[in-house]
Amino acid sequence: MHRVAVLALEGVAPFELGMPSRVFGNARDEDGARLYEVTVCTADGLPVTSDAGFTVGVGAGPEALAAADTVIVPPTHAMSGLLHGEPLPRPIADALAAIRPGTRIVSICTGSEVLAAAGLLDGRAATTHWMHAPEFRRAFPRVRLDEGVLFVDDGDILTSAGVAAGIDLCLYLVRADHGTAVANRAARLCVVPPWRDGGQAQYIDRPVPEPTAATTTATRAWALERLAEPLTLAELAAHARMSLRTFTRRFRDEVGMTPVQWLTAQRLEVARHLLESSDLPVDLVAHRSGFGSANSLRQHMRSALGISPIAYRRTFGPGIPAAATA
């Protein structure tokens with residue numbers, strides 16, 4: 001069983017602290033067996049006080065971090081000094097240093113500040129809550145920060161933006177480990193969407209548009225019903241009754257990515273579902289998901305996921321012989 005250790009720090013945010021236990025606890029196989037063992041621990045094994053004022057008692061200390069396959073650091077509101085050059089408290093630094101090489105390390109929201117202060121994000125791509133991005137960038141210039149996304153997967157270290165993005169990342173990890181079906185079941189039990197489009201750009205403070213302003217919502221719904229067709233930017237703009245420039249700008253403001261990036265992401269979702277749930281040949285999967293050819297699907301999957309369609313099916317598919325996918 002995959003061992004997940006959640007590090008509770010002084011001033012921890014209760015919602016984010018409990019989030020991994022809820023998401024990973026709902027990840028089960030077809031027989032209902034749990035796929036993860038989640039342990040909440042502290043750096044010294046002692047209770048901590050949450051930012052809501054109640055005490056969090058735990059049953060484990062830093063030994064849980066050393067034994068974990070995945071370590072998750074939720075946000076704390078008691079270490080704002082990290083953004084002003086203060087070092088990590090020694091017990092926390094020592095506990096993080098004891099994590100085994102190759103362990104997957106994850107931060108939720110401003111938990112990224114703890115990882116950055118420990119030097120774990122130096123030279124890496126990462127994200128954090130958009131509101132803290134300017135201070136974060138000044139405090140940790142060696143981190144390649146992207147505050148416009150919901151989460152960043154940089155291999156063995158993954159970081160997420162504020163609150164709900166932590167749920168997104170936990171579900172992403174379940175999906176990466178066990179496939180769409182398991183992640184979707186976990187999401188349904190949590191009553192949350194299994195995947196959200198776009199990035200933090202949707203949530204950054206900006207003037208509220210006029211109530212009469214046109215949106216791209218209807219066009220996105222229209223496009224989702226026609227992903228197998230070769231949709232063009234001009235067709236999308238025409239459906240929205242906007243100029244290309246206006247449509248592209250408004251789409252990016254609302255979704256956090258360009259129309260082409262969004263279309264590709266939706267088509268990848270369809271392709272992944274078909275590869276996981278059917279024995280359709282890769283050529284037909286590519287056609288039904290709108291990529292046109294197996295070569296195009298292969299290129300997009302390698303670019304986005306680092307894996308070919310056949311290799312993806314071997315990992316997450318319904319046990320279909322490789323010959324059937326050729």
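Begin with the largest nonpolar core of this predicted model. This core has 35 residues, and those with the most contacts inside it are Val23, Phe24, Tyr36, Ile72, Leu169, Leu173 and Val174. Colour the elements that feed it: β1, α1 (14–25), α6 and α7 (180–190) each supply at least two residues of this core. Helix α6 gives the most, with eight residues. As a general background, nonpolar side chains tend to be buried together in soluble globular proteins.

Next, select Phe24 and display its surroundings. Leaving aside residues up to four places away in sequence, Phe24 touches Tyr36, Val38, Ile72, Cys170, Leu173 and Val174. A second core, separate from the one just visited, has 31 residues. To locate this second core, select Leu9, Ala43, Ala68 and Ile157, which are among its members.

Now turn to the sheet. In what order do the six strands of the open sheet lie? The order is β2-β1-β5-β6-β10-β9, and the pairing is mixed. At the edges are β2 (36–41) and β9 (151–154), each of which pairs on one side only. Neighbouring strands of this sheet are turned by 15° against each other on average, direction ignored.

With the sheet still shown, add helix α6 (residues 164–178), which packs on the sheet. Helix α6 touches β1 (2–7), β2, β6, β9 and β10 (157–160), and its direction makes about 145° with that of β10.

Within the sheet, select strands β5 (residues 70–73) and β6 (residues 104–107). These two strands pair in the parallel sense over four bridges. Zoom in on Thr70, which lies in strand β5. Is Thr70 buried or exposed? Thr70 has a relative accessible area of 0%, and because buried means under 20%, Thr70 counts as buried. Which residue of β6 is the bridge partner of Thr70? The partner is Arg104, and a polar contact of 3.0 Å also joins the side chains of Thr70 and Arg104. Not counting residues up to four places away in sequence, Thr70 touches His2, Arg3, Val4, Ala5, Thr103, Arg104 and Val106.

Finally, move to helix α11 (residues 259–277). At 1.5 Å a residue, its 19 residues should span 27 Å; the end C-alpha atoms are 27 Å apart, so the two values agree. Several residues of α11 are buried, including Trp262, Leu263, Gln266, Arg267, Leu274 and Leu275. An α-helix has 3.6 residues a turn, so residues three or four places apart point the same way.

Key
Residues numbered from 1 in each chain as written. Predicted model: local features only at pLDDT ≥ 70, side-chain atom pairs only at ≥ 80, totals over all residues. Heavy atoms only, no water. Pairing = 2+ DSSP bridges. Axes fitted to C-alpha atoms, helices over the stretch in contact; angles between N-to-C directions. Contact = heavy atoms within 4.5 Å. Core = buried A, V, L, I, M, F, W, Y, C linked by side-chain atoms within 4.5 Å. Buried < 20%, exposed > 50% of the residue type's maximum accessible area, 1.4 Å probe, protein only. Polar contact = N/O pair within 3.5 Å; in protein donor to acceptor, adjacent residues only side chain to side chain. Expected span 1.5 Å × (residues − 1).
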